Amino acid sequence: MGTAKRQPWVVGVSGASGTPYAASVIRALLAAGEAVDLIVSRAARLTILDETGISFRDAHWRADLAAWLGSDRGLYDVRYWPAGDFAAGPSSGSYPAKGMLVVPATTGAVAGIALGLSKDLLQRVASVTLKERRPLVVCVRETPLNGVTLKHLVELDAQGAVVLPASPGFYAGGSTVRELVDFVAGRVLDAVDVPHSLYLRWEGELGAAARRTAGGDGAPAEGE
């Protein structure tokens with residue numbers, strides 16, 4: 001990257017079910033030429049193991065990340081920060097991050113960020129992102145939601161975060177799990193103006209996405 005200042009997007013992965021959403025977001029960021037700083041919570045390691053069979057280890061994070069993403073393309077511009085490292089670069093407002101994407105976000109992470117608890121590096125960086133007025137997207141993955149969590153989500157919205165539930169839309173013609181996952185990931189990236197081709201966009205024509213998909217003209221999966 002020469003002498004240009006590295007300005008990454010911080011991707012925080014919490015322990016909610018839905019780690020494929022995070023993998024899709026990371027792949028698309030790298031495909032768009034964006035740098036990524038990655039934080040994986042302790043609970044998220046268990047979820048990754050449960051959902052993919054992959055052990056995510058601090059000492060072998062690069063190989064484990066490549067296995068999780070299904071490719072090592074672009075990993076030269078990924079930095080990994082352990083969730084317990086409060087001295088990590090992104091923990092300071094002076095660190096030149098573009099913003100943060102928390103995907104998926106547990107209700108516990110939502111509460112910690114809304115209340116400014118900073119119980120781990122993920123919550124600390126989210127708090128820094130808010131205080132520095134940088135973009136923060138919180139992709140909450142839980143259902144149903146109780147009143148306490150709804151209040152926390154309203155508080156995050158009031159603080160300037162984008163609250164983006166992991167709620168796939170079907171108007172884009174998605175019919176596979178991968179396509180529905182990519183739809184949510186694409187909406188996360190839309191919220192921070194990162195270009196991608198993860199889903200077919202609505203263009204005001206009823207049934208257009210279904211016809212394009214049936215005709216084999218659907219949007220390619222990112223990186224393919």
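This is a short dialogue on reading the sheet, a helix pair and some backbone features in a predicted model.

Student: Start with the sheet. In what order do the six strands stand, and is the pairing parallel or antiparallel?

Tutor: The general idea comes first. Strands of a sheet pair through backbone hydrogen bonds, either parallel or antiparallel. Here, six strands make an open sheet, ordered 3-2-1-4-5-6, and the pairing is parallel.

Student: Which strands are the edge strands?

Tutor: Look for pairing on one side only. Strand 3 (78-80) and strand 6 (162-163) fit that description, and they are the edge strands.

Student: How many bridges link strand 5 and strand 6?

Tutor: Two bridges, in the parallel sense, with strand 5 covering residues 136-140. Within this part of the sheet, Val138 stands opposite Val163 of strand 6.

Student: Which strands does helix 1 touch?

Tutor: Helix 1 (residues 19-31) packs on the sheet and touches strand 1 (9-13), strand 2 (36-40), strand 3 and strand 4 (99-105). The direction of helix 1 makes about 150° with that of strand 4.

Student: Stay with strand 4. How many of its residues are buried?

Tutor: Seven of its seven residues are buried, so strand 4 is mostly covered, taking under 20% relative accessible area as the cut-off.

Student: How does strand 4 pair with strand 1 and with strand 5?

Tutor: Strand 1 pairs with strand 4 in the parallel sense, over four bridges. On that side, Gly12 stands opposite Val102 in strand 4. Strand 4 and strand 5 also run parallel, joined by four bridges. There, Leu101 has Val137 of strand 5 as its bridge partner.

Student: Now the helices. At what angle do helix 4 and helix 5 pack?

Tutor: Two packed helices are described by the angle between their axes and the distance between the axes. In this model, helix 4 (residues 107-115) and helix 5 (residues 121-131) pack at about 45°, and their axes are 9 Å apart. The two helices are therefore oblique to each other. As for handedness, helix 4 passes helix 5 in a right-handed crossing.

Student: Which residues make the contact?

Tutor: Helix 4 contributes Gly108, Ala109, Gly112 and Ile113. Helix 5 contributes Leu122, Gln123, Ala126, Ser127 and Leu130. Sorted by class, the contact has five nonpolar residues, four polar ones and no charged ones.

Student: On to the backbone. Which peptide bond in strand 4 is cis?

Tutor: Read omega. The bond from Val103 to Pro104 is cis, with omega near -10°. Pro104 sits in strand 4. A further cis bond runs from Thr143 to Pro144, also with omega near -10°. Pro144 belongs to the loop between strand 5 and helix 6 (147-158).

Student: What is the phi of Ser118, and where does Ser118 lie?

Tutor: Read the sign of phi, then check the residue type. Ser118 has a positive phi of about 50°, yet is not a glycine. Ser118 is in the loop between helix 4 and helix 5. At 21% relative accessibility, Ser118 is partly exposed.

Student: And Arg133: is it buried or exposed?

Tutor: Exposed, because its relative accessible area is 70% and the cut-off is over 50%. Arg133 lies in the loop between helix 5 and strand 5. Its phi is near 60°, a positive value in a residue other than glycine.

Definitions and conventions:
Residues are numbered from 1 along each chain as its sequence is written. This is a predicted model: local features need pLDDT of at least 70, side-chain atom pairs count only at pLDDT 80 or more; totals for chains, interfaces and linings use all residues. Side-chain values use heavy atoms; hydrogens and water are left out. Two strands pair if DSSP finds at least two bridges between them. Contact means heavy atoms within 4.5 Å. Axes are lines fitted to C-alpha atoms, for helices over the stretch in contact, and angles run from 0 to 180 degrees between N-to-C directions. Angles under 35 degrees count as roughly parallel, over 145 as roughly antiparallel, 65 to 115 as roughly perpendicular and the rest as oblique. A crossing is left-handed if the near helix is turned anticlockwise from the far one by less than a right angle, and right-handed if clockwise. Ala, Val, Leu, Ile, Met, Phe, Trp, Tyr, Cys and Pro count as nonpolar, Asp, Glu, Lys and Arg as charged, and the others, Gly among them, as polar. Buried means under 20% relative accessible area, exposed over 50%, partly exposed in between (1.4 Å probe, protein chains only).
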